[in-house]
Amino acid sequence: MNTKYVFVTGGVASSLGKGIIAASLAKLLQARGLRVTIQKFDPYINIDPGTLNPYEHGECYVTDDGAETDLDLGHYERFLGVHMTKANNVTTGKVYFTVINKEREGAYLGKTVQIIPHITDEIKRRMLLLGKTGQFDVIITEVGGTVGDMESQPFLEAIRQLQWEMPEEDLASIHLTLVPYLRAAKELKTKPTQHSVQMLQQAGVHPDVIVCRTEKELTPEIRRKVALFCNVKPGHVIQSIDAPSIYQVPMNMEKEGLDEMILSHFGINHYPEPDFTKLQSFLDKLYHPKYQVDIALVGKYVELQDAYKSILESFVHAGAANECKVNVHTIQSEHIDASNVEEKIGGMDAVLVAPGFGERGLEGKIQAIKYVREHNIPFFGICLGMQMCVVEFARNVLGLKGAASTEVDPSSPYPVIDLMEDQKSTTIKGGTMRLGAYNCKLAPESLAYKIYGTEIISERHRHRYEFNGDYLERMEAAGLRASGRNPETGLVEIVEIPTHPFFIGVQFHPELKSTPEIPQPVFVAFVKAAMANRNSRGRVCEL
């Protein structure tokens with residue numbers, strides 16, 4: 001069987017959920033026994049999201065092989081339970097960078113380099129690249145942005161060419177669009193969808209299935225109207241109605257028949273019905289929790305939910321594992337100081353201090369950490385959160401006034417967090433941090449070892465600064481233990497306070513490996529600690 005390709009485009013508005021639809025279709029096909037992967041093509045000119053402010057594009061997701069990617073790759077991994085790679089995320093910047101380098105090398109033999117054919121040829125090459133490995137039966141490609149965006153036009157042109165070049169049964173196109181409900185008129189409107197599909201068809205791309213994002217059920221009449229005016233087969237207009245959880249969407253898409261439409265288009269028969277036993281078990285626990293906890297997420301990008309997408313999803317997974325509803329309270333660290341820290345987090349069952357970069361909001365994070373350390377509230381610090389718990393301990397337990405990270409105070413008399421040695425000569429920002437999966441060896445009898453249940457773990461990193469080993473002996477003598485270290489370099493990856501009910505900071509990003517079916521162990525333990533703390537303080541944990 002030839003590798004089959006599915007392209008998912010979007011129109012009318014961004015954030016309709018192309019990534020969720022792509023991941024849901026992939027989950028359905030995977031559950032039927034097909035080998036599936038998903039790739040994201042983003043129209044921005046950045047090489048990758050690594051240098052983008054989270055307010056611009058949400059979190060930067062990191063793969064095992066060290067790629068800084070769009071956050072949708074997190075959805076792909078969480079839905080499929082498989083690891084993505086550098087090849088799964090392509091930007092306009094990467095495409096142009098490759099073409100320009102080839103031109104400089106003389107690869108085009110003096111030809112004038114143009115969008116067609118050179119840019120579109122490079123896009124097509126990358127679209128088909130994973131299919132040439134022989135590892136997958138179906139490649140699903142999500143195209144970022146919306147139809148009509150100037151930046152997306154080369155990607156749509158590449159899809160048009162592939163539709164012309166490839167056998168019809170090897171390529172399918174899905175278009176996600178919006179059918180808004182006008183409350184004043186009390187009716188759903190299809191005109192935005194019609195215009196969106198017309199723009200797609202003007203670009204030469206003809207959708208095989210139209211998925212309508214809606215908050216109200218689509219009537220048979222509306223579906224027929226969209227099919228008629230958008231020139232798709234009757235029955236190939238389906239709805240993606242608002243769901244209580246994104247993990248419900250694959251089963252919703254199965255009810256709509258999306259996977260069967262695609263399989264029929266490809267001429268693929270005799271595959272078993274999808275088995276959603278594990279996913280349904282997860283959803284049952286998610287929808288019917290027995291307990292609840294309140295956890296503060298202290299960070300500097302809290303105004304944009306997508307900035308901490310993987311952390312929030314990890315709480316969903318860990319909550320379900322504990323049959324517990326996790327009420328996450330996002331708190332802007334800039335708004336915390338010594339005078340209001342108790343008011344902000346004193347009523348919380350646990351506190352997570354989030355990752356980030358730069359000086360803004362650091363003192364608020366330090367104040368929050370000091371409070372939870374002194375009041376025995378469960379604490380979990382990730383990356384910068386771990387670094388700030390080291391700074392707080394140095395200042396307030398060791399008495400090292402002015403202790404800091406050299407990221408924000410290069411002249412600190414006590415640089416307890418310092419630039420990694422291999423980063424000191426680096427001047428280029430993009431793609432030069434410590435990125436990807438690294439091993440970590442856990443100390444026996446440590447909290448980390450009890451959580452993971454194994455001596456060697458592998459977690460993903462994204463940082464330039466590290467625990468300064470010159471202060472390790474003093475820290476450990478005062479009660480802050482280095483419980484996890486890189487076995488090759490000796491870098492401290494995990495710190496904890498054994499005398500505290502639950503106090504752990506990790507240099508890596510454990511949230512990047514959590515899935516509904518395999519929740520991340522530290523998050524599961526953290527939620528359990530929050531439940532225990534809630535009970536010990538006399539608050540009702542049961543719902």
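How many residues lie between β21 and β22 in the hairpin that they form? The structure is a predicted model, in which local features need pLDDT of at least 70 and side-chain atom pairs count only at pLDDT 80 or more, while totals for chains, interfaces and linings use all residues. Residues are numbered from 1 along each chain as its sequence is written, and side-chain values use heavy atoms, with hydrogens and water left out.

Six residues separate β21 from β22 in this hairpin, and G490 in the turn has a positive phi of about 80 degrees. Strands are DSSP runs (E, at least two residues) numbered from the N terminus, and two strands pair if DSSP finds at least two bridges between them. Strand β21 (residues 481–485) pairs with β22 in the antiparallel sense over four bridges; A482 has V495 of β22 as its bridge partner. Strand β22 is also joined to strand β23 (residues 503–506) by three bridges, again antiparallel, and I494 is partnered by V506 of β23. A hairpin of six residues connects β22 to β23. Five of the five residues of β22 (residues 492–496) are buried, that is, under 20% relative accessible area with a 1.4 Å probe and protein chains only.

A search of the whole structure yields one cavity of 30 Å³ or more. A cavity is a set of points on a 1 Å grid over the protein atoms alone where a 1.4 Å probe fits but cannot get out, and its lining residues have an atom within 4 Å of a point. The volume of the largest cavity, taken as the space filled by probe spheres set on the points, is about 30 Å³. Its lining includes T9, G10, S152 and L156, and comprises three nonpolar, six polar and no charged residues, with Gly counted as polar and Asp, Glu, Lys and Arg as charged.

Conventions
1 Å grid on protein atoms, 1.4 Å probe; cavity = no way out; pocket = protein on both sides within 12 Å on 5 of 7 lines; lining within 4 Å. Buried < 20%, exposed > 50% of the residue type's maximum accessible area, 1.4 Å probe, protein only.
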